[in-house]
Amino acid sequence: MEFKLRGTNVIAIELITDNTNFSVEKIKQFISEKKQILKGTRFIISVENYTLNETELDSLIDFFRKTPEIFFCGFKTNLKENRELCIKKGIPCDISSMELEKIEERSAAEEIKFIRKTLRSGDKISSSGDIIIMGNVNPGAEVEAGGNVYIMGDLRGIVKAGIGKTEGEVRALFFQAPRLEICGKEFTFNRKEKYLNFKAKVKGIHQTIEYYKDRKGKNG
Amino acid sequence: MADKVICVTSGKGGVGKSTVTGNLATALAAKGYKVVAIDADIGLRNLDLILGLENRIVYDIVHVIEGVCPVEKALVKDKRTKNLYLLPAAQTKDKSAVKPEDLVAIVESLRNNFDFIFIDSPAGIEEGFKTAVTPADTVIVIANPEMASIRDADRVTGLCSAMGKPEPKLIVNRLDPKKVEKGDMLDAEDVVQILGLELLGIVPEDKEMVSYINRGEPAVLSETSIAGKALRNIAERLLGKEVPFLELKAEGEGILNKIKKLFGGT
């Protein structure tokens, strides 16, 4: 049985095992030897073309429980049986589609809301992901999104986008709102400010506001 | 014929709900239609003053609901304008005295005997408003050209669609062309832009309005009143006729051409 360690794009170390003479004890031994290198890292075990049985899995989980210096994130596998077993035990598996997303800011589980009406004063729409509005957001209406907000119409109400994220944007065909919040960063505008083709974006510490010009050609 | 039961509302108070209701009802009655105006602003009775019928009230809507008298007996007939009737609100009770189903029952009992039934809604978005809107076939929202009124009108529009009513129609009330010219007041176009509703008419600010109300004479009966003329045009539009929008001028320059084009007026 051979082992290979490699970094992954989710800032974790992946242990690739092969299926000849698969042995849990050997894995444990290997990890114990490399403990110093692996200390404090996110750790993933990739098991390909080998079906784990329950005792093997239990023994591995037990091992990681006793090794708190390694942050075990779960398994990666190409076999359905392994995945089902892991899920039964509550262990993340199939890293490529599950654990990865948790590490990324945006997950595929986020809903995307599509609204085909004008939001009037007192209306409130929220979504864990993006919101697309085919209509206006009138004064007194509120929009809250975990993702981006795109308004195919006029924005005069309050929009909070990118809640809990570090990246997000708000776009509207016309903008005349008192304030706007993206990723917890607040933008305020005075009453006379009007923008066409408005786009506000926050990415980390960068904040950009772009617009064409105001409807009556003033602020331009 | 257009919709029969019309509720006039606005959300915000003081924008001219009762005045518009009284005048539209009078204008239609003067044209020969049988019209009843129901004052649903229980506890804050005003419509009788606008119509000049305050001294003729014996029974009110709460008496009808309590079964003290039949609805026909509570209706106050206008002597000046034939075919115009008023169902007054109770001044001594509050909004809880009339439930939505009570008003629906009253409206249904009147429906076959009248061409138009106007309901004057109270300000606010609480039970009184809901009661007034529930029986309506169509809703007219009154907005003044200022942000507070627009926001409230917008809220009311949202509530109406939540109640399953068709999209309300808009009357922009108390527009002062002079102030619009100076940029001190929103244009009717701006109001329409924000609310996105069908514009039924624009009523210009008219200083004479106060004296018409004080005299208890609806302005639509006066040939000289500009607001009266605008309201008569709105009444025509309620009948489904196409009437061009009034040329509201501030020192010679027409400002409503854009809106007229927008709504297919000539």
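Let's start with strand 10 and strand 12 of chain A. Strand 10 covers residues 158-161. It joins strand 12 through 3 bridges, and the two run parallel. One register point to find on your screen: Lys160(A) has Glu181(A) as its bridge partner in strand 12. A reminder before I go on: this is a predicted model.

Stay on strand 12, residues 179-182. Strand 12 also pairs with strand 13 of chain A, residues 185-188. Here the sense is antiparallel, over 4 bridges. Ile182(A) has its bridge partner, Lys185(A), in strand 13. Strands 12 and 13 of chain A make a hairpin, with 2 residues between them. Look at the turn. Cys183(A) sits there with a positive phi of about 50°.

Now the side chains of strand 12 of chain A. They alternate. Leu180(A) and Ile182(A) point to one face, and they are buried. Arg179(A) and Glu181(A) point to the other face, and they are not buried. So put the pieces together for Glu181(A). Glu181(A) is on the face that is not buried, and Glu181(A) is the bridge partner of Lys160(A).Next, strand 6 of chain A, residues 124-127. Strand 6 has a covered face, with Ile125(A) and Ser127(A). The uncovered face carries Lys124(A) and Ser126(A). The pairing partner is strand 8 of chain A, residues 142-145. That pairing is parallel, over 4 bridges. Ile125(A), from the covered face, stands opposite Val143(A) in strand 8.

Let me step back to chain A overall. The secondary structure comes to 5 helices and 15 strands. Chain A has 220 residues, and 44% of them count as buried. On contacts, take those with a separation of 6 or more. Residues 24 or more positions apart account for 32% of these in chain A.

How many domains does the assignment give chain A, and where do they run? Domain 1 is 3-103, and domain 2 is 113-210. Their C-alpha centres lie 42 Å apart.

Now a sheet in chain A. It has 4 strands, and it is open. The order is 1-2-3-4, with mixed pairing. Which strands are at the edges? Strand 1, residues 3-7, and strand 4, residues 71-77. Each of these pairs on one side only. On average, neighbouring strands of this sheet are turned by 25° against each other, ignoring direction.

Strand 3 of chain A covers residues 42-47. Strand 3 is joined to strand 4 by 6 bridges, and these two run parallel. Within that pairing, Phe43(A) has Phe72(A) as its bridge partner in strand 4.

That brings in the aromatics. Phe43(A) and Phe72(A) belong to a cluster linked by ring pairs. The other members are Phe63(A), Phe64(A) and Phe75(A).

Over all chains, the count is 16 aromatic pairs. What kind of pair do Phe63(A) and Phe64(A) make? Their ring centres are 5.6 Å apart. Their planes are at 65°, over the 60 degree cut-off, so the pair is edge-to-face. Both residues are buried. Phe63(A) has 13% relative accessibility, and Phe64(A) has 6%.

Compare a second pair, Phe175(A) and Phe198(A). This pair is stacked, at 3.9 Å centre to centre with 10° between the planes. The pair links distant parts of the chain. Phe175(A) is in strand 11, residues 167-175, and Phe198(A) is in strand 14, residues 195-203. They are 23 residues apart. Are these two rings buried or exposed? Phe175(A) is at 0% relative accessibility, so Phe175(A) counts as buried. Phe198(A) is buried too, with a relative accessible area of 1%.

Over to chain B. There are two charge-over-ring cases to show. Lys34(B) lies over the face of Phe114(B), at 4.9 Å from the ring centre. And Arg237(B) has its charged end over the ring of Phe245(B), 4.3 Å from the centre.

Last stop, Thr9(B). Thr9(B) lies in strand 1 of chain B, residues 5-9. With 0% relative accessibility, Thr9(B) counts as buried. What is Thr9(B) in contact with, leaving aside neighbours within four places in sequence? Lys17(B), Ser121(B), Pro122(B) and Phe129(B) are among them. The list also includes Val139(B), Ile140(B), Val141(B), Ile142(B) and Val156(B).

How values were computed:
Residues numbered from 1 in each chain as written. Chains lettered and ligands numbered in written order. Predicted model: local features only at pLDDT ≥ 70, side-chain atom pairs only at ≥ 80, totals over all residues. Heavy atoms only, no water. Domains from an automatic or database assignment. Pairing = 2+ DSSP bridges. Axes fitted to C-alpha atoms, helices over the stretch in contact; angles between N-to-C directions. Phe/Tyr/Trp six-rings, centres within 6.5 Å; stacked < 30°, edge-to-face > 60°. Buried < 20%, exposed > 50% of the residue type's maximum accessible area, 1.4 Å probe, protein only. Lys NZ or Arg CZ within 6 Å of the ring centre and 35° of its normal. Contact = heavy atoms within 4.5 Å.
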